[in-house]
Every structure is written in structure tokens, then in C-alpha cells.
Amino acid sequence: MTSSPSPSSLEDILHNLLTNIQSENYTDVLSSTTALLGLHDTTSNSSNTTDIDEPLSDNLKKTIQEIHCRALISLSKYTQLVDYYHKNHNDDNHNHGDDDDDERFLEYAYSLYKLGRYVQCHDLIQTKLKKLNLKFKQPTDNSSTTSNASAADI
């Protein structure tokens, strides 16, 4: 574990995050992502509770959320990941579409599986598959109808 002074700027925290990812120090990765996302990790003994004044861009925030979830998985903190998913799934009011709502879907499903919540995991995957079928089925049906007509005309 690195014992550097608490970073104060976004650039410092991002630099420390990258260093910790490269060294596979997932406890410190989690501490950095917690600080960047403005989360309060009560289970961590880290003193890294710096509030960042600079707003995160949407792409940077999504990347940090992904790193945060992957760190939780690497540390086998599946319950925390499920809680994090529920909080963001219910409270995130700036989603731009159906897929943005489920950015961390795979990590969430994996955590449910690892926690032995098989029925909930199965139901979640079934729901997601139904959504995907509906999205892709309609354009395929329309294009296959027109392509069959074109093939019959030739």
C-alpha cells in the first residue's frame, strides 16, 4: 500500500488511480474511485476523502464507475457492488437512454451470482435478453421482409 500524501487535485487523484491500477493495488484503487465519485466508504480505513471541486465529464465518470465496480469485484466485495448498482440505478437521473441505465449490468449480474442469488441473477439476465430481442428483432423483421421481396424480384 502506498503511503503518499492525500492528493488534492483531480489530476493528482487520477495519477494515483493509474499507478494503483498498474500495481493491482485494488484497495487504493477503490479509495481513489470513492473519492472521485464522491462516495462515502465507511468500511475503508483510508483517509482519502478529498472532495473534488472539478466536475467530471460524463465519459470520465463512466470510466471511473467501471473501475470502481471492477475493484469491488477484485476485492470480492459483491454486496457493496450490488448496493452501489442499486443506488446508481435508482438515483441516476441523467441517463440518456436505456443502455446507460445498465452500464454496470454485467458486474451487477456477476455479483448476484457470486452472492448465491441465482434466481435474481437469472431473472435479471432474462429481462435483459428480452429487452435486447425486442430492440434487434424489429429492424431485422423489417429488413428481412424488404430483402425477401428484393430477392423474389430478382
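These questions and answers walk through a predicted model.

Visitor: Which residues of the largest nonpolar core touch the most other members?

Guide: This core has 16 residues. Helices α1 (10-22), α2 (26-37), α3 (58-74) and α4 each supply at least two of them. The members that touch the most others are Leu 36, Ile 64 and Leu 81.

Visitor: Which helix gives the most to this core?

Guide: Four helices, α1, α2, α3 and α4, each supply at least two residues of the core. One of them gives five residues, the most, and that helix is α3.

Visitor: Which residues does Ile 64 touch, leaving out those up to four places away in sequence?

Guide: Ile 64 is among the core members with the most contacts to other members. Sequence neighbors up to four places away are not counted here. The residues touched are Leu 14, Thr 33, Leu 36, Leu 37 and Leu 56.

Visitor: How many residues make up the second core?

Guide: This core is separate from the largest one. Its members include Val 82, Tyr 85, Tyr 108 and Ala 109. Tyr 108 and Ala 109 are buried residues of helix α6. The second core's size is six residues.

Visitor: Which residues of α6 are buried?

Guide: Helix α6 covers residues 105-114. In an α-helix, residues three or four places apart point the same way, because there are 3.6 residues a turn. The buried residues of α6 are Phe 105, Glu 107, Tyr 108, Ala 109, Ser 111 and Leu 112.

Visitor: What phi does Gly 116 take?

Guide: Gly 116 comes just after α6. Its phi is positive, at about 80°.

Visitor: Is Tyr 118 buried or exposed?

Guide: Tyr 118 lies in helix α7, residues 118-153. Together with Tyr 110 and Tyr 113, Tyr 118 makes a nonpolar surface patch of about 350 Å². The cut-off for exposed is over 50% relative accessible area. Tyr 118 has 53% relative accessibility, so this residue counts as exposed.

Visitor: How far apart in space are Asn 88 and Gln 65?

Guide: Asn 88 lies in helix α4, residues 78-91. Asn 88 is partly exposed, with a relative accessible area of 23%. In sequence, Asn 88 and Gln 65 are 23 residues apart. In space, C-alpha to C-alpha, the separation is 9.9 Å.

Visitor: How many disulfides does the count give?

Guide: Cys 69 counts as buried, at 1% relative accessibility. Cys 121 also counts as buried, at 8%. A disulfide needs a pair of cysteine sulfur atoms within 2.5 Å. By this rule, the number of disulfides is zero.

Definitions and conventions:
Residues numbered from 1 in each chain as written. Predicted model: local features only at pLDDT ≥ 70, side-chain atom pairs only at ≥ 80, totals over all residues. Heavy atoms only, no water. Buried < 20%, exposed > 50% of the residue type's maximum accessible area, 1.4 Å probe, protein only. Core = buried A, V, L, I, M, F, W, Y, C linked by side-chain atoms within 4.5 Å. Contact = heavy atoms within 4.5 Å. Patch = residues over 30% accessible without salt bridge, like charges linked within 9 Å, V, L, I, M, F, W, Y side chains within 5 Å. Areas by Shrake-Rupley, 256 points an atom, 1.4 Å probe, with all protein chains shown as cover. Salt bridge = Lys/Arg side-chain N within 4 Å of Asp/Glu carboxyl O.
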